[in-house]
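Reader: I would like a close look at one part, the place where the ligand sits. Please start with the chain around it and then work inward.

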Amino acid sequence: MRYHSTRNKSTTVSFREAVLQGLASDGGLFVPEHLPTLASDFMQRLPQLSIEEIGVEVLWPFVESDLSEEELRKMVAETFTFIIPVKRVNHNCYVLELFHGPTQAFKDVGARFMSRCLRRFVEPHKKITVLVATSGDTGGAVAHGFYGVENIDVVILYPNGGVSPYQEQQMAGLGKNITALAVNGTFDDCQALVKQAFTDIQLKNEFGLCSANSINLARLLPQMLYYFLGVQQLLNMNVINPVVSVPSGNLGNITAGVMAKQMGLQIDYFVVACNANDTFFKFLKTGIYQPKPSLKTLSNAMDVGSPSNIERLQHFFENNITTMTQTITACSISDTETLETIATTYQEDNYILDPHGAVALHGLKRNISKQQGLFLETAHPVKFQESIQQALVDFNPQQHIQARPFERKIIENDMDSLKQILDFS
Ligand SMILES: *Cc1c(COP(=O)(O)O)cnc(C)c1O
């Protein structure tokens with residue numbers, strides 16, 4: 001399989017090149033030249049397949065030029081080391097719990113797979129330094145995903161005082177090949193520093209700088225697999241062709257779902273559940289894409305005003321919004337509705353949602369009546385205790401976060417301070 005930019009079909013690159021480059025040189029996102037289709041008996045065999053078997057069968061066409069089948073099998077096994085169960089929440093709504101990984105968010109899947117790809121693709125006797133800016137969740141997932149992976153150093157920039165103690169713990173408390181730096185500045189400053197480092201060719205070559213942000217193909221592709229796990233478990237519960245609701249921000253998760261469906265996975269249609277950041281919802285309604293600054297909400301990992309994966313999503317529908325609306329419907333859910341959903345789901349179904357899952361369930365219920373639906377629960381509720389307590393006055397989390405002591409490393413918001421650290425890492 002070759003990959004080209006969403007903005008230009010004429011030049012193609014291999015999977016390895018696409019992963020190492022991250023973003024195409026014209027600013028577009030890498031997409032496969034075509035989507036493979038599943039074997040005609042795949043859906044019949046699905047109930048019996050292991051995650052490694054699903055992973056190899058689904059992902060093999062995407063990586064065959066750069067990985068052996070055995071390497072792929074091993075990467076899938078090393079990525080999916082935690083359970084991803086489906087549970088019944090009420091008579092026709094089921095949840096796919098994606099939060100059983102090390103940082104209790106679904107981003108663990110993509111980060112773990114990507115770290116294995118980079119380890120495989122780094123040239124002999126060379127090192128790669130992964131540099132990322134984070135406002136919270138991505139940093140933790142990348143830190144854990146790359147923790148202890150040979151020949152790769154990770155440097156994470158986060159705003160000093162701008163992340164939760166839990167999130168800081170997940171990034172800064174690890175050590176080994178992970179360096180987390182609290183920058184005296186905002187998240188935007190962190191992102192600007194990363195961008196500046198990537199445009200500095202000398203710096204880029206000297207340290208083998210590589211980005212691990214969410215537009216990387218190696219984070220996108222493995223996300224297809226949990227849709228297969230979801231549909232597989234539903235089949236075993238005699239539920240076929242579900243409507244699937246995805247809590248969405250940058251639209252990476254839903255893009256992976258759409259790819260799985262287009263390959264032949266039986267999903268009726270998707271609900272893209274957004275919070276007050278309704279850029280995609282408006283786009284689907286009007287056909288006009290109007291990015292805007294993000295708004296702060298309770299489901300903060302979805303606070304995205306200009307979703308970067310929209311180019312990919314449009315590509316998979318041949319830039320035809322009518323075709324897109326045959327597979328996708330969207331909604332925008334308020335914080336009030338989010339809290340109401342957390343409260344009623346606890347009272348009626350005895351299930352504790354986090355704010356992201358609550359947005360997804362609300363969106364699902366709004367769209368189905370008699371059909372069966374599956375929604376994605378992307379983070380563990382314990383990560384959002386304040387919101388849960390706002391909705392459920394008597395909520396008493398049973399699970400407490402284990403704190404490990406760490407020393408905060410603070411740097412000034414300038415390139416020289418960052419270079420100094422890179423020199424030592
Ligand atoms: C990143 C994230 C999302 C949004 O996923 P996208 O792929 O950006 O649409 C939803 N929920 C949680 C908990 C996240 O961390």
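Author: Of the 425 residues in the chain, 57% are buried. The model is a predicted one, and its chain holds 19 helices and 14 strands. Along the principal axes, the C-alpha trace measures out at about 60 × 50 × 40 Å. The radius of gyration is 21 Å, which agrees with the value near 22 Å that a compact globule of 425 residues would have. Contacts within the chain often bridge long stretches of sequence: taking those between residues at least 6 apart, 75% join residues at least 24 apart. On the outside, the accessible surface comes to about 17,900 Å², and carbon and sulfur atoms account for 47% of that surface.

Now to the ligand. There are 15 residues around it, and those that come nearest are K107, G249, N250, N253 and T378. By type, the shell consists of six nonpolar, seven polar and two charged residues.

Three of the polar pairings can be described atom by atom. G249 takes part through its backbone, where a polar atom is 2.8 Å from an oxygen atom of the ligand. N253 also uses a polar backbone atom, again 2.8 Å from a ligand oxygen. With T378 the side chain is involved instead: one of its N or O atoms lies 2.8 Å from a nitrogen atom of the ligand. As for cover, the ligand on its own has 380 Å² of accessible area, and the protein covers 95% of that area.

Conventions:
Residues numbered from 1 in each chain as written. Predicted model: local features only at pLDDT ≥ 70, side-chain atom pairs only at ≥ 80, totals over all residues. Heavy atoms only, no water. Near = heavy atom within 4 Å. Polar contact = N/O pair within 3.5 Å; in protein donor to acceptor, adjacent residues only side chain to side chain. Areas by Shrake-Rupley, 256 points an atom, 1.4 Å probe, with all protein chains shown as cover. Nonpolar A, V, L, I, M, F, W, Y, C, P; charged D, E, K, R; others polar. Helix = DSSP H or I, 4+ residues; strand = E, 2+ residues; numbered from the N terminus. Rg over C-alpha atoms; globule rule 2.2 N^0.38 Å. Buried < 20%, exposed > 50% of the residue type's maximum accessible area, 1.4 Å probe, protein only. Contact = heavy atoms within 4.5 Å.
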